[in-house]
Amino acid sequence: MAMNNKRRKLEGVDIPPKAPASPATPVMSAFAARQQLWGAPLPVAKTPVNKNQTSAQKDSTPAKTIPTRRNKRGAAKEQVSTPVNEDPTPDLNRERGDSIPPSPILSPVLGTLIPPVVRERQPQYSSLKPHKKNYQQKPDGCVALRTPDGERLVILGSYGIGVHQGEATIAGAQLTPLDPVQWIHAPHCHALPVLRTSEDTVVELHPHPAADGLRQLAKLNPAFGKLWNEVPTQGVPSKKDSTFQILFSPEDVPKKVALQELVSPPEWNKKLASLIATKRKGASSPIFFLCGPKSSGKSTFGKLLANRLITDRAGNKNAPWSPIYILDIDPGQPEFGPPGVISLVKLTSPNLQPPFCHPTLEPVTSMIRSHAIAAVTPALDPEHFIECVMDLFTTYQTQTHPGEEKKPPMVVNTPGWIQGLGLDILSDLVKGIKPTEVVYMSTEGPEETISGLQAAISFIPTTAFSTLPSQNTTEILSPSRIPSSLRTMQAMSYFHLLPSLSTWNSTPLSHAPPWRVRYTGPDRGFRGILCYDYQPSPRILAEAINGMVLALVKISNLAALRGLDNIIEAGSGKMPLIDNPMGKSLDPKFSELVGLVLVRGVDERRGELQLLTPVGMGGVEKGEGRLVLVMGKFDTPSWCYSEELFRGFRGCMGVRTGGRGGRFGGLGGIWGGVRWWRGDEVCWGDDGLGYKGYFFFLVIGLYFI
């Protein structure tokens with residue numbers, strides 16, 4: 001009996017039949033699912049034949065396809081046969097011309113259906129349809145556009161905008177015929193600003209005069225390459241050397257590029273209108289404090305807000321633009337200035353370009369005061385960071401528009417460090433600045449950050465608190481455009497900038513004549529070298545600073561040293577080192593940044609430092625002999641070690657750069673008897689570390705390549 005029961009169980013007798021699987025969710029093994037996805041034929045399982053099946057049922061059973069043995073290439077193309085829907089009834093829900101929606105995909109592991117990915121309709125960037133009446137290409141490269149119905153334009157490259165009739169808006173700035181031409185750099189590594197015109201508007205696009213110098217940096221670093229208009233516009237006449245390109249369709253976009261437009265969500269627009277209304281009717285000076293997580297849109301929203309504040313005429317179309325102040329306190333990704341620096345900036349015109357396109361301010365703007373944090377994060381010295389921010393805020397209160405009760409508005413852009421110690425820093429800054437409104441750029445928390453900021457403003461009755469959704473984070477960036485690469489581009493742009501010419505020097509820094517600064521004797525060019533956070537051994541100080549970025553700081557009073565009076569003669573070259581065993585920093589009340597310098601070499605025999613900096617002689621003269629070089633944790637300038645190899649230069653020692661009359665020529669001995677001067681040649685030194693510095697640059701450059 002026991003044997004008969006076992007046989008019955010094995011043969012399936014007395015076992016109730018299982019419910020048939022739904023055709024929408026087929027059940028199969030993981031191996032069979034993988035074979036189906038790979039296109040290989042599935043092994044057909046033998047099913048028991050029911051002897052009681054009628055002939056009609058046999059005829060209604062669909063025939064199964066018997067797989068044949070194929071080669072690997074054929075098996076990859078083989079498809080598994082599936083039942084075909086023979087229902088001739090048409091699908092009335094599908095519109096004419098629509099394609100059949102894709103079928104679900106079977107997961108190879110779980111055996112479940114994955115919803116199909118529906119391709120979205122290709123975007124239409126610019127709404128303007130160019131023809132002879134609304135599009136005119138001029139011989140000088142300018143493009144005149146007429147928009148009787150109002151249009152949107154997405155433009156890639158470098159260009160200027162002049163409004164001749166009507167109104168136009170771009171990146172929050174409202175432009176009219178009364179405004180001068182606004183110059184824009186729009187690379188595709190950042191969101192492209194959208195130009196929107198009203199009805200009956202005439203605008204003219206101008207080629208950017210500084211576009212060529214900026215693009216030449218691609219010869220020194222691939223990070224600057226393939227950022228601009230590189231594909232001619234289809235269907236529209238254009239010159240090959242045009243500095244910009246209007247994008248009408250996806251065919252105009254450079255290949256392998258994911259473009260993103262600068263979009264302001266409806267919540268942002270509503271908040272911008274509210275803040276503008278606060279500026280118009282507020283009796284006191286409005287201060288807007290922007291904070292939030294990393295990549296949440298603080299800088300983007302701050303740029304839109306600043307441009308709206310500057311170009312807002314309060315209903316009077318003939319009123320001039322009003323200036324505003326920017327407290328840029330994000331040392332990792334500053335909007336104005338190189339990485340590791342925070343600053344107070346006065347803006348009198350809209351900001352319409354990414355940070356690496358204006359590493360220092362143009363003549364229409366003004367750098368009021370700046371400090372060197374000497375790191376890309378406030379974590380190096382949080383107390384010093386708070387002191388520097390509060391000193392900049394005190395400068396805004398006391399030195400800007402003295403005697404006026406109502407000062408221009410100020411926008412505060414903060415770092416993205418919002419938890420732990422970062423939250424404590426933000427809370428202390430809110431309590432010290434007492435802004436008009438704190439705008440937190442996230443509606444998803446963290447909850448402890450929001451509650452902490454609300455607790456900080458609970459004792460300030462005049463401060464409001466609001467939250468906004470973060471920007472769309474679906475932007476696809478190439479690996480060369482990560483934040484560290486953007487900092488590299490900003491630092492490289494800073495050291496290659498020619499402020500007097502408002503363009504860039506595309507010659508490798510190893511070929512640029514340096515400032516030769518004495519560090520020995522009574523007439524040395526600076527007081528000493530001060531190390532933040534960590535002080536190396538005096539014996540290796542020359543090697544520690546060679547090829548690194550330092551901050552040139554001016555002190556107005558010896559109280560800035562906080563009692564650091566001991567100066568050590570370090571190394572065989574007797575380089576002055578301000579002894580700082582406790583890791584103190586300069587007092588920001590009695591010091592400010594002049595600029596950053598790159599130590600290209602140390603000549604111990606002459607007792608000179610060879611420094612590269614965009615700072616002119618005027619900035620050095622303002623130091624009045626009280627200059628300090630600060631060494632911190634700036635990013636290693638690996639980009640400058642490989643410039644010569646990318647450019648293909650050979651034989652850099654002793655290269656003459658043109659003397660007085662050359663573009664990069666030094667002052668030819670005019671400052672020969674002063675602490676800072678430039679020679680006519682690129683001098684690496686005879687037997688000091690300056691000669692070694694050349695090989696240091698060369699070896700490190702080969703390593704990074």
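A salt bridge is a side-chain nitrogen of Lys or Arg within 4 Å of a carboxyl oxygen of Asp or Glu. With that in hand, a good place to start is the pair Arg-606 and Asp-603, whose side chains meet in a salt bridge with N and O 2.9 Å apart. The model is a predicted one, in which local features need pLDDT of at least 70 and side-chain atom pairs count only at pLDDT 80 or more, while totals for chains, interfaces and linings use all residues. Residues are numbered from 1 along each chain as its sequence is written, and side-chain values use heavy atoms, with hydrogens and water left out.

The two partners of this first pair differ in their exposure class (buried means under 20% relative accessible area, exposed over 50%, partly exposed in between, with a 1.4 Å probe and protein chains only). Arg-606 is partly exposed, at a relative accessible area of 30%, whereas Asp-603 is buried, at 0%. Elsewhere, Arg-369, Asp-391, Lys-554 and Glu-592 are joined into one network by salt bridges that share partners.

Now for the wider view. The chain contains 16 helices and 29 strands; these are DSSP runs numbered from the N terminus, helices being H or I with at least four residues and strands E with at least two. Of its 705 residues, 48% count as buried. About 36,700 Å² of the chain is exposed, and carbon and sulfur atoms supply 54% of that area; accessible areas come from the Shrake-Rupley method with a 1.4 Å probe, and for residues only the protein chains shown count as cover. Contacts (heavy atoms within 4.5 Å) tell something about how the chain folds back on itself. Among those with a separation of 6 or more, 76% are between residues 24 or more positions apart.

In total, the structure holds 15 salt bridges. One of them links Glu-437 with Lys-271, the closest N and O atoms being 2.8 Å apart. Because Glu-437 lies in strand E17 and Lys-271 in helix H6 (residues 266-281), this pair ties together parts that are 166 residues apart in sequence. Both Glu-437 and Lys-271 are buried. Another salt bridge joins the side chains of Glu-335 and Lys-303, at 3.8 Å from N to O. Glu-335 sits in the loop between strand E13 (324-328) and strand E14 (341-347) and Lys-303 in helix H7 (residues 298-311), so parts 32 residues apart in sequence are tied together. Glu-335 is buried too, with a relative accessible area of 9%.

What happens at Glu-151, a residue that is buried yet has no salt bridge? Its nearest side chain of opposite charge, that of Lys-129, is 8.3 Å away (Lys and Arg count as positive and Asp and Glu as negative, while His and the chain ends are not counted). The side chain of Glu-151 does make a polar contact with the side chain of Ser-127, at 2.6 Å. A polar contact is a pair of N or O atoms within 3.5 Å; within protein, one must be able to donate a hydrogen and the other to accept it, and residues adjacent in sequence count only if both atoms are side-chain atoms. Glu-151 lies in the loop between strand E4 (143-147) and strand E5 (152-165). Not counting residues up to four places away in sequence, Glu-151 touches Ser-127, Leu-128, Leu-195, Arg-196 and Thr-197.

His-384 is another buried residue, at 5% relative accessibility, and its place is in helix H8 (residues 382-399). A polar atom of the His-384 side chain lies 3.4 Å from the backbone oxygen of Leu-586. Beyond four places in sequence, His-384 is in contact with Ala-372, Tyr-532, Ser-585, Leu-586 and Pro-588.

Turning to cysteines, the structure holds 0 disulfides (pairs of cysteine sulfur atoms within 2.5 Å). The sulfur of Cys-189 is 7.7 Å from the closest cysteine sulfur, in Cys-357, which is too far for a bond. Cys-189 counts as buried, at 6% relative accessibility, and Cys-388 is buried at 1%.

The backbone deserves a look as well. Most residues other than glycine have a negative phi, and most peptide bonds are trans. The peptide bond from Gly-445 to Pro-446, however, is cis, with omega near 5°; Pro-446 is found in the loop between strand E17 (437-440) and helix H10 (447-457). Lys-226 has a positive phi, near 55°, and counts as exposed at 64% relative accessibility. Phi of Arg-562 is likewise positive, near 55°, and Arg-562 is partly exposed, at 28%.
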